[in-house]
Amino acid sequence: MRSLTRSFALPLLLLVAACGAPSMHERLETARHSLAEVNTLQDHPTIKDMQDAKGVALLSIVQGGAGIGGEGGGGIVLQRAGTGWGSPFAVDVGAGTLGIQLGGQGKDVLILFNDPATLQEFVKGGMQLQALGEGTFGASSGNTKAPKPATSVFTKCQGVFGGLELGGLNVGPARNLNAATYGKADAEAILSGKVKPANVDEPLSRLVKMLDAMH
């Protein structure tokens with residue numbers, strides 16, 4: 001029992017650490033780091049990809065497991081508003097996986113939304129099922145077209161992970177963080193930019209400049 005407990009200790013600690021930054025300021029800084037990592041991909045988003053995007057999600061996820069594992073993390077979603085961007089909407093990510101797994105890795109993920117309806121569906125929360133085998137050592141990268149043609153997903157991985165997993169990725173609003181940042185404002189008001197976050201002008205400006213430099 002003691003050895004079994006040890007086998008789960010590292011994955012659980014990794015997941016706790018990845019549960020999402022506690023402030024919008026830190027979420028924006030993490031999102032900027034994720035965007036920088038995705039930009040190092042050989043198959044990174046094209047100018048047209050970015051011009052066509054109606055919104056983006058930037059996620060930072062940690063995956064770990066020893067037999068039964070999981071993923072955890074968080075990120076932000078931004079929607080185009082006129083010629084600029086709306087306010088950042090925070091989301092959390094969590095998943096459990098079942099299968100033969102060993103190790104841990106970090107994932108920086110950029111999702112491009114090509115229509116507003118898909119973005120709205122994403123921020124409402126839900127499960128995106130996955131059944132895949134993956135193995136990485138050191139740095140790896142990938143660009144996959146999501147099942148829905150309205151989204152494109154770019155992923156940069158770092159770490160050590162191997163195995164076959166069957167599980168699901170849960171994405172949902174970071175309700176406490178959004179409430180602490182915007183009060184009772186709903187997702188539509190936030191994403192459209194009708195309400196503005198306080199005390200995050202600098203990190204938001206840096207992130208927006210990076211996004212705008214991509215198109």
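Is Ile190 buried or exposed? I began the notebook with this residue, and since the model is a predicted one, I read each value below as a property of that prediction.

**Entry 1, Ile190.** I found Ile190 in helix H6, and at 0% relative accessibility it counts as buried. I then looked up what touches Ile190, setting aside residues up to four places away in sequence, and the list came to Gly86, Ser87, Pro88, Phe89, Tyr182, Ala185 and Val195. I also noted the spacing to Asn178, which lies 12 residues away along the chain, with 9.0 Å between the two C-alpha atoms.

**Entry 2, the chain as a whole.** I stepped back to the protein chain and noted seven helices and five strands, which follow the pattern α-α-α-β-β-β-α-β-β-α-α-α when read along the sequence. Of the 215 residues in the chain, 45% are buried. I recorded an accessible surface of about 10,700 Å² for the chain, with 61% of that surface belonging to carbon and sulfur atoms. For contacts between residues at least 6 apart in sequence, I noted that 80% join residues at least 24 apart.

**Entry 3, helix H5.** Tyr182, which I had met as a contact of Ile190, belongs to helix H5, residues 175–182, where the buried residues are Leu177, Asn178, Thr181 and Tyr182. Looking down the axis of H5, I saw that these buried residues fall within an arc of 105°, so they line one face of the helix. This fits the general rule that an α-helix has 3.6 residues a turn, so residues three or four places apart point the same way. On the other side of H5, I found Arg175, Asn176 and Ala180 exposed. I followed the chain past the helix and noted that H5 is followed by Gly183, whose phi is positive, near 75°.

**Entry 4, Ala90.** What lies around Ala90, leaving aside its neighbours within four places in sequence? I located Ala90 in strand E3, residues 89–113, and recorded it as buried, with a relative accessible area of 0%. With those neighbours left out, Ala90 is in contact with Met24, Arg27, Gly75, Ile76, Pro173, Ala174, Leu177 and Asn178. Two of these names, Leu177 and Asn178, I had already entered among the buried residues of H5. The C-alpha atoms of Ala90 and Asn178 are separated by 6.2 Å, although the two residues are 88 apart along the chain.

**Entry 5, helices H2 and H7.** At what angle do H2 and H7 pack? I read an angle of about 20° between H2 and helix H7, residues 201–213, with their axes 9 Å apart, and that makes H2 roughly parallel to H7. I noted the crossing of H2 and H7 as left-handed. On the H2 side, the contact is made by His25, Leu28, Glu29, Ala31, Arg32, Leu35 and Ala36, and on the H7 side by Pro203, Leu204, Arg206, Leu207, Met210 and Leu211.

**Entry 6, one serine in each of these helices.** I looked up Ser34, which lies in H2, residues 24–38, and found it buried, with a relative accessible area of 1%. Leaving aside its neighbours within four places in sequence, Ser34 is in contact with Leu58, Leu59, Ser60 and Asp108. Ser205 lies in helix H7, and I recorded it as partly exposed, with a relative accessible area of 33%. The C-alpha atoms of Ser205 and Leu28 are separated by 9.6 Å, and the two residues are 177 apart along the chain.

**Entry 7, Asn199.** I ended with the loop between helix H6, residues 187–192, and H7, which is the place of Asn199. The phi of Asn199 is near 65°, a positive value in a residue other than glycine. I set beside it the general remark that most residues other than glycine have a negative phi. At 73% relative accessibility, Asn199 counts as exposed.

Technical notes: Residues numbered from 1 in each chain as written. Predicted model: local features only at pLDDT ≥ 70, side-chain atom pairs only at ≥ 80, totals over all residues. Heavy atoms only, no water. Helix = DSSP H or I, 4+ residues; strand = E, 2+ residues; numbered from the N terminus. Buried < 20%, exposed > 50% of the residue type's maximum accessible area, 1.4 Å probe, protein only. Contact = heavy atoms within 4.5 Å. Areas by Shrake-Rupley, 256 points an atom, 1.4 Å probe, with all protein chains shown as cover. Arc of directions from axis to C-beta. Axes fitted to C-alpha atoms, helices over the stretch in contact; angles between N-to-C directions. Parallel < 35°, antiparallel > 145°, perpendicular 65-115°, else oblique. Left-handed = near helix turned anticlockwise from the far one by under 90°.
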